Amino acid sequence: MATFRNSGPSLTGATVDELETRLGRELPNDYREFLLSTNGGVPQEQDLSKPAHVGIIVNGFFSLDLADSDLSMDHALTTWAGR
């Protein structure tokens, strides 16, 4: 499993349930488990090696309950609502 820095605070299942209610749908189980185990953040290894012919860099994954951050899922959902 990847190591993350700048992760959000630890989450409970209830917090993820609230997100699902707000979205009106359930999250995939693997993404739900990812949020519960890491709550997003910036992966230590940001370069993806495959596919080799495409250069992909992961800047980070959104976190719940992380205020005033570029990785705040709440901020992104508010900013991009209706688009």
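What percentage of the contacts in the protein with a separation of 6 or more comes from residues 24 or more positions apart? The answer is 55%. The structure is a predicted model, and the following tour visits several places where such contacts may be examined.

**The whole chain**

Begin with the entire protein in a cartoon display. Three helices and four strands are present. Followed from the N terminus, these elements come in the order β-α-α-β-β-β-α. The protein has 83 residues, of which 30% are buried.

**Helix α1**

Select α1, residues 13–23, and show its side chains. T15, V16, L19 and E20 are the buried residues here. Looking down the axis of α1, one finds these buried residues within an arc of 145°, so they line one face of the helix. Now turn to the face directed away from that buried side: it carries E18 and T21, which are exposed. Among the elements that cover the buried residues of α1 are α2 and α3. Just beyond the end of α1, select G24, which has a positive phi of about 75°.

**Helix α2**

Next, select α2, residues 29–38. Its buried residues are R32, F34, L35 and T38. Viewed down the axis of α2, they fall within an arc of 160°, so these residues too line one face of their helix. On the other side of α2 are N29 and D30, both exposed. To see what the buried residues of α2 pack against, display β1 (4–5), α1 and α3.

**The nonpolar core**

Select L11, V16, L19, L27, L35, L64 and M73 together. These seven residues form the largest nonpolar core. In soluble globular proteins, nonpolar side chains tend to be buried together. Within this set, centre the view on L27. Apart from neighbours within four places in sequence, L27 is in contact with V16, L19, E20 and L35.

**The aromatic rings**

Four aromatic pairs are found in a search of the whole structure. Start with Y31 and F34: their ring centres are 6.1 Å apart and their planes meet at 25°, so this pair is stacked. Both residues belong to helix α2, and because they are three residues apart there, about one helical turn separates them. Are these two residues buried or partly exposed? Y31 is partly exposed, because its relative accessibility is 26%, whereas F34, at 15%, counts as buried.

Keep F34 selected and add F61. This aromatic pair is edge-to-face, with 5.4 Å from centre to centre and 70° between the planes. F34 lies in helix α2, while F61 lies in the loop between β4 (56–57) and α3 (73–79), so the pair ties together parts that are 27 residues apart in sequence. F61 has a relative accessible area of 34% and is therefore partly exposed. Add F4 and Y31 to the selection to display a cluster: ring pairs link F4, Y31, F34 and F61.

**The loop residue N39**

Select N39, in the loop between α2 and β2 (42–43). This residue, just after α2, takes a positive phi of about 50°. Is N39 buried or exposed? Its relative accessibility is 1%, so N39 counts as buried. Show the residues that surround it: leaving out those up to four places away in sequence, N39 touches S7, G8, P9, L11, F34, F62, S63 and L64. Two of these names have appeared on the tour already: L11 belongs to the largest nonpolar core, and F34 to the aromatic cluster. One further detail deserves a distance label: the side chain of N39 reaches the backbone oxygen of P9 at 2.6 Å.

**From N39 to P9**

Move along that contact to P9, which is in the loop between β1 and α1. P9 is partly exposed, because its relative accessible area is 41%. Setting aside neighbours within four places in sequence, the contacts of P9 are with N39, L64 and D65. Select D65 and label its C-alpha distance to P9. The two residues are 56 positions apart in sequence, and their C-alpha atoms are 6.9 Å apart in space.

**The last stop**

Finally, select W80 and R83. R83 lies over the face of W80, at 4.6 Å from the ring centre.

Key:
Residues are numbered from 1 along each chain as its sequence is written. This is a predicted model: local features need pLDDT of at least 70, side-chain atom pairs count only at pLDDT 80 or more; totals for chains, interfaces and linings use all residues. Side-chain values use heavy atoms; hydrogens and water are left out. Helices (H or I, at least four residues) and strands (E, at least two) are DSSP runs, numbered from the N terminus. Buried means under 20% relative accessible area, exposed over 50%, partly exposed in between (1.4 Å probe, protein chains only). A polar contact is a pair of N or O atoms within 3.5 Å; within protein, one must be able to donate a hydrogen and the other to accept it, and residues adjacent in sequence count only if both atoms are side-chain atoms. Contact means heavy atoms within 4.5 Å. A nonpolar core is a set of buried Ala, Val, Leu, Ile, Met, Phe, Trp, Tyr and Cys residues joined through side-chain atoms within 4.5 Å. Rings of Phe, Tyr and Trp (its six-membered ring) pair if their centres lie within 6.5 Å; planes under 30 degrees apart count as stacked, over 60 as edge-to-face and the rest as tilted. A charge sits over a ring if NZ of Lys or CZ of Arg is within 6 Å of the ring centre and within 35 degrees of the ring normal. The arc is that of the directions from the helix axis to the C-beta atoms.
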